[in-house]
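Student: I'd like a close look at one part of this protein. Could you walk me through it slowly, and then show me how the surroundings fit in?

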Amino acid sequence: MAVDLLLGLQWGDEGKGKIVDVITQKYDIVARFQGGPNAGHTLEFDGIKHVLHTIPSGIFHKGIVNLVGNGVVIDPVIFKKELEKLAPFQIEMKDHLLISRKAHLILPTHRLLDAASEASKGKAKIGSTLKGIGPTYMDKTGRNGLRVGDLEFKDWKQKYRALALKHQEMLAFFNVEIQYDLKELEEEFFEAVEVLRNIQTVDSEQYLINAMERDKKILAEGAQGSLLDIDFGTYPFVTSSNTTAAGACTGLGVAPNKIGEVFGIFKAYATRVGSGPFPTELFDDDGVKMGKIGNEFGATTGRPRRCGWLDLVALKYAVQINGVTQLIMMKGDVLSGFAKLKVCTAYNYKGEKITHLPYSIEKEYVTPEYISFDGWKEDISKAKNYHDFPDTFKQYVDFIEDYLKTPISIVSVGPDRTQTVIR
Ligand code: GDP
Ligand code: IMO
Ligand code: MG
């Protein structure tokens with residue numbers, strides 16, 4: 001049985017958590033393949049709103065296995081807090097929550113290095129979530145990292161100490177003042193590691209290979225979005241992992257020829273949190289209105305998200321890079337009441353009209369070219385069937401589908417699990 005992928009096509013926060021929760025029942029296993037606690041995946045159902053950071057978004061469904069893959073970086077402290085927040089739901093974690101032995105650990109000093117690196121950059125800062133993501137992936141590729149599997153060996157604390165000491169020396173190199181009490185941070189860390197140890201670890205690639213042989217249905221859940229990909233995103237304003245489809249191969253050990261459907265999620269408009277170029281960003285009342293109605297505040301940091309019109313040039317790039325087979329459009333309900341909607345269909349790049357993503361999409365090189373649509377006044381948040389939608393909404397959807405040459409198979413019209421229209 002092939003593995004289906006679900007990933008964000010913009011700058012993250014497209015609504016991955018919600019959709020994974022909605023479609024989980026079709027699967028036996030949900031596996032996160034990259035990122036870490038920089039992610040904030042929101043699920044709403046039965047009047048409950050819940051944000052997950054490391055744990056896959058299938059966790060609320062009985063009998064389904066949720067696997068944290070080798071490509072994920074885990075902060076035991078945040079992981080422990082996530083488990084505590086899940087405690088009231090009395091979820092059976094045994095045999096249902098698994099962690100890859102090859103997943104790397106975020107140390108307290110990784111978080112400090114993240115903070116120091118950002119502070120030293122001044123105005124050029126990435127706008128990192130400061131969860132230690134960049135420094136942890138640097139140690140992974142630098143072959144210095146500490147992995148979950150190391151915790152099974154007696155010498156893990158020595159390895160920890162050597163790495164933490166190195167980090168302390170590195171911190172001194174940054175020309176910035178970072179206040180910290182390492183003793184306190186380590187106490188919290190070691191306590192959390194003990195909690196992490198109670199979670200079942202697996203050789204996740206082998207686990208998934210075996211599952212596939214037994215015809216189990218697997219959904220791979222991405223974090224962040226394609227435009228934050230370390231290779232294909234708006235570098236250097238990106239995260240430190242491959243957020244695109246290839247990341248599922250390396251982050252889970254899924255062979256490329258074992259990938260089935262690739263579900264690409266996008267918002268009906270665009271948002272970005274943190275620094276970096278955003279050609280269709282709005283600085284007017286429309287942008288403010290999107291942010292307000294869409295409740296565009298980061299699920300991890302609470303920072304306001306920048307808002308803008310849908311960018312089809314960037315979206316097409318993401319569809320191509322990921323090999324998206326089905327699109328899922330989120331938050332169309334937020335656009336109700338806009339008299340006119342704009343969609344970017346081309347860029348003016350250094351004086352030339354282009355429809356591909358150029359090397360730089362910074363303001364000085366790129367001006368978006370738009371086409372306008374009539375908006376819809378109707379509240380669509382209660383729509384149950386596709387024919388319930390106003391014609392102007394359908395025209396918007398048709399245009400996007402046509403431009404991207406990929407079907408939109410799900411339309412989401414609100415944060416709740418039930419506010420989902422399958423076409
Ligand atoms: P993720 O990181 O991709 O899982 O997305 P986030 O959870 O960070 O952000 C998506 C936000 O939009 C959350 O607050 C969701 O509850 C909310 N949301 C998801 N789908 C919809 C939708 O169709 N309409 C509205 N209005 N909100 C939605
Ligand atoms: P989910 O999975 C939105 C952004 C940060 C920053 C950049 C680098 O919820 O969609 P990092 O902490 O990785 O060093 O930050 O990436 N970023 C996200 N933006 N959604 C996310 O995750 C993000 N994870 C990281 O704001 O600009
Ligand atoms: Mg999010």
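Student: Let's zoom in on D13: does it count as buried, partly exposed or exposed, and at what relative accessibility?

Tutor: Happy to, and keep in mind that this is a predicted model. D13 has a relative accessibility of 22%, so it counts as partly exposed. The cut-off for buried is under 20%. You'll find D13 in the loop between strand 1 and helix 1.

Look at its backbone too. D13 has a phi near 60°, which is a positive value in a residue other than glycine. Why point that out? Because most residues other than glycine have a negative phi.

Now for the metal. The magnesium ion (ligand 3) has D13 (OD) and G40 (O) as its protein donors, at 2.1 to 2.2 Å. D13 sits in the loop between strand 1 (3–8) and helix 1 (16–23), while G40 sits in the loop between strand 2 (29–32) and strand 3 (41–45), so this pair ties together parts that are 27 residues apart in sequence. G40 has a relative accessible area of 12%, so G40 is buried.

Next, follow the chain from D13 into helix 1. That helix is mostly covered, with seven of its eight residues buried. The buried ones are K16, G17, K18, I19, V20, D21 and I23. Notice that lysines and an aspartate, K16, K18 and D21, are among the buried residues here.

Another aspartate worth a look is D75, in the loop between strand 6 (73–74) and helix 2 (76–86). With a relative accessible area of 0%, D75 is buried. If you set aside its neighbours within four places in sequence, D75 touches P37, I106 and R111.

Right after D75 comes helix 2, so let's see how that one is covered. Eight of the 11 residues in helix 2 are buried, which leaves it mostly covered. They are P76, V77, I78, F79, K80, E82, L83 and L86. What does the covering? The list includes strand 4 (48–52), strand 6, strand 7 (97–100), strand 8 (104–105), helix 3 and helix 6 (182–197).

Helix 3 is a good place to go next. Two packed helices are described by the angle between their axes and the distance between the axes. For helix 3 (residues 108–121) and helix 5 (residues 156–173), the axes come within 9 Å and cross at roughly 15°. The two helices are therefore roughly parallel to each other. Their crossing is left-handed.

Which residues meet there? From helix 3 you have P108, T109, H110, L112, L113 and A116, and from helix 5 you have Y160, L163, A164, H167, M170 and L171. Sorted by class, that contact has nine nonpolar, three polar and no charged residues.

Pick out L112 in helix 3. Its relative accessible area is 9%, so L112 is buried. Beyond its neighbours within four places in sequence, L112 is in contact with L171, I178, Y180 and L185. The C-alpha atoms of L112 and H167 are 8.6 Å apart, although 55 residues separate the two along the chain.

For another helix pair, go to helix 10 (residues 312–322) and helix 11 (residues 391–404). Their axes come within 10 Å and cross at roughly 50°. That makes helix 10 oblique to helix 11. The crossing of helix 10 and helix 11 is right-handed. In this contact, L312, V313, L315, K316 and V319 of helix 10 meet F399, I400, Y403 and L404 of helix 11. Eight of these residues are nonpolar, none is polar and one is charged.

Just past helix 11 there's K405, in the loop between helix 11 and strand 19 (408–412). Like D13, it deserves a backbone check: phi of K405 is near 50°, a positive value in a residue other than glycine. K405 has a relative accessible area of 73%, so K405 is exposed.

One last backbone detail: the peptide bond from Y235 to P236 is cis, with omega near 5°. I mention it because most peptide bonds are trans. P236 lies in the loop between strand 10 (218–225) and helix 8 (245–252).

Technical notes: Residues numbered from 1 in each chain as written. Chains lettered and ligands numbered in written order. Predicted model: local features only at pLDDT ≥ 70, side-chain atom pairs only at ≥ 80, totals over all residues. Heavy atoms only, no water. Axes fitted to C-alpha atoms, helices over the stretch in contact; angles between N-to-C directions. Helix = DSSP H or I, 4+ residues; strand = E, 2+ residues; numbered from the N terminus. Parallel < 35°, antiparallel > 145°, perpendicular 65-115°, else oblique. Left-handed = near helix turned anticlockwise from the far one by under 90°. Contact = heavy atoms within 4.5 Å. Nonpolar A, V, L, I, M, F, W, Y, C, P; charged D, E, K, R; others polar. Donors = N, O, S within 2.8 Å, 3.2 Å for Na, K, Ca; no water. Buried < 20%, exposed > 50% of the residue type's maximum accessible area, 1.4 Å probe, protein only.
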